[in-house]
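These are some reading notes for a colleague who is meeting this structure for the first time. Please keep the sequence and the model open while going through the points.

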Amino acid sequence: MPVDSTLQDAINRHINAELYSSYLYLSMSTYCDSIDLPGFAHWMRIQSEEEYTHAMKFVDYLQDRDSRVTLLPIEQPPVEYDSVEDVMRQTLAHEQHVSVLINDLYGVAVRASDYASQIMLQWFITEQVEEEKTARDVIAALEMVKGRSDALLLLDREMGARPAASPIATDVAA
């Protein structure tokens with residue numbers, strides 16, 4: 001059964017938000033590379049891939065529900081940042097924004113009495129808790145190493161150890 005048209009439109013807007021997130025983190029990755037922090041660049045590239053995967057989960061969900069996917073233009077993300085700390089603070093702010101978007105989307109699903117969508121969105125709600133915590137943890141680590149380039153290089157190495165994102169999965173429980 002197709003998704004209610006209001007919910008379908010909201011999910012399509014959210015697909016755009018997830019694709020923007022992917023684009024934003026790719027921009028942050030290239031910035032980190034430009035300031036010789038390859039570990040942070042690697043971490044942000046994987047974050048970009050993860051956000052793309054999230055967008056594809058929404059695409060697959062609409063298609064599975066025999067609903068129409070409508071792709072919208074993706075806004076250009078910032079390309080310059082003040083520092084790697086600025087990158088991570090903007091990452092946290094962005095993830096908090098996405099949490100609000102997911103919660104709003106859940107509200108649309110509730111108002112539409114679309115229980116399948118509510119269940120699907122619960123995975124994303126949990127994911128956002130993890131995303132915000134991870135960003136806060138990295139910010140805390142950066143605050144601890146502030147002004148110590150040797151410690152920043154060790155943190156950069158740790159960030160570079162993040163495993164690659166798994167292949168795009170269509171199962172939201174993955």
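1. K133, at 44% relative accessibility, counts as partly exposed in this predicted model, and D137, at 41%, falls in the partly exposed class as well. D137 and K133 form a salt bridge in which the closest N and O atoms are 2.6 Å apart. Both residues belong to helix α4, where four residues, or about one turn of the helix, lie between one position and the other.

2. Helix α4, which covers residues 115-145, holds a further pair with four-residue spacing, E132 and R136. Their closest N and O atoms are 3.9 Å apart, and the pair is counted as a salt bridge; since the cut-off for a salt bridge is 4 Å, I would note the value when citing this pair. E132 is buried, with a relative accessible area of 16%, whereas R136 is partly exposed at 42%.

3. How many salt bridges are there by this rule? The count comes to five, and one of them joins R162 to E50, with 3.4 Å between the closest N and O atoms. Because R162 sits in the segment after α5 (149-160) and E50 in helix α2 (residues 38-64), this pair ties together parts that are 112 residues apart in sequence. R162 counts as buried at 17% relative accessibility, and E50 counts as buried at 19%; the cut-off for buried is under 20%.

4. Helix α2, which contains E50, has 27 residues and reaches 39 Å from its first C-alpha to its last, close to the 39 Å expected at 1.5 Å a residue. The helix is mostly covered, with 20 of its 27 residues buried. After α2 comes D66, whose phi is positive, near 60°.

5. Helix α1 (residues 5-34) has 30 residues that should span 44 Å at 1.5 Å a residue, and its end C-alpha atoms, being 44 Å apart, agree with this. Of these 30 residues, 21 are buried, so α1 is largely enclosed by the rest of the structure. At the start of α1, the backbone nitrogen of T6 has a side-chain oxygen of D4 within 3.0 Å, and just after the helix D36 takes a positive phi of about 60°.

6. Is Y25, which lies in helix α1, buried or exposed? With a relative accessible area of 0%, Y25 is buried. Its contacts, once neighbours within four places in sequence are left aside, are M44, Q47, S48, E51, T91, H94 and E95. A151, by contrast, is 126 residues from Y25 along the chain, and the C-alpha atoms of these two residues are separated by 24 Å.

7. The largest nonpolar core has 25 residues, and those with the most contacts inside it are C32, F40, M44, V87, M88 and L142. Which elements give two or more residues to this core? They are α1, α2, α3 (84-111), α4 and α5. F40, leaving aside its neighbours within four places in sequence, is in contact with C32, V84, M88, V138, L142, L152, L155, D156 and M159. Apart from the largest core lies another one, of 22 residues, which includes V3, L19, V69 and F124.

8. For helix α3, the 28 residues should span 40 Å at 1.5 Å a residue, and the end C-alpha atoms are 41 Å apart, which agrees. S113 follows α3 and has a positive phi, near 55°.

9. E143 is found in helix α4 and, at 43% relative accessibility, counts as partly exposed. E143 and E85 are 58 residues apart in sequence, while their C-alpha atoms are 8.2 Å apart in space.

10. On confidence, the chain averages a pLDDT of 94, and 95% of the residues score at least 70. Where does pLDDT stay under 50? This happens over residues 168-174, for which the model has 15 contacts beyond four places in sequence. Where pLDDT is low, the predicted coordinates should not be read in detail.

Note on methods: Residues are numbered from 1 along each chain as its sequence is written. This is a predicted model: local features need pLDDT of at least 70, side-chain atom pairs count only at pLDDT 80 or more; totals for chains, interfaces and linings use all residues. Side-chain values use heavy atoms; hydrogens and water are left out. pLDDT is the predictor's confidence in each residue, from 0 to 100. Contact means heavy atoms within 4.5 Å. A salt bridge is a side-chain nitrogen of Lys or Arg within 4 Å of a carboxyl oxygen of Asp or Glu. Buried means under 20% relative accessible area, exposed over 50%, partly exposed in between (1.4 Å probe, protein chains only). The expected span of a helix is 1.5 Å times one less than its number of residues. A polar contact is a pair of N or O atoms within 3.5 Å; within protein, one must be able to donate a hydrogen and the other to accept it, and residues adjacent in sequence count only if both atoms are side-chain atoms. A nonpolar core is a set of buried Ala, Val, Leu, Ile, Met, Phe, Trp, Tyr and Cys residues joined through side-chain atoms within 4.5 Å.
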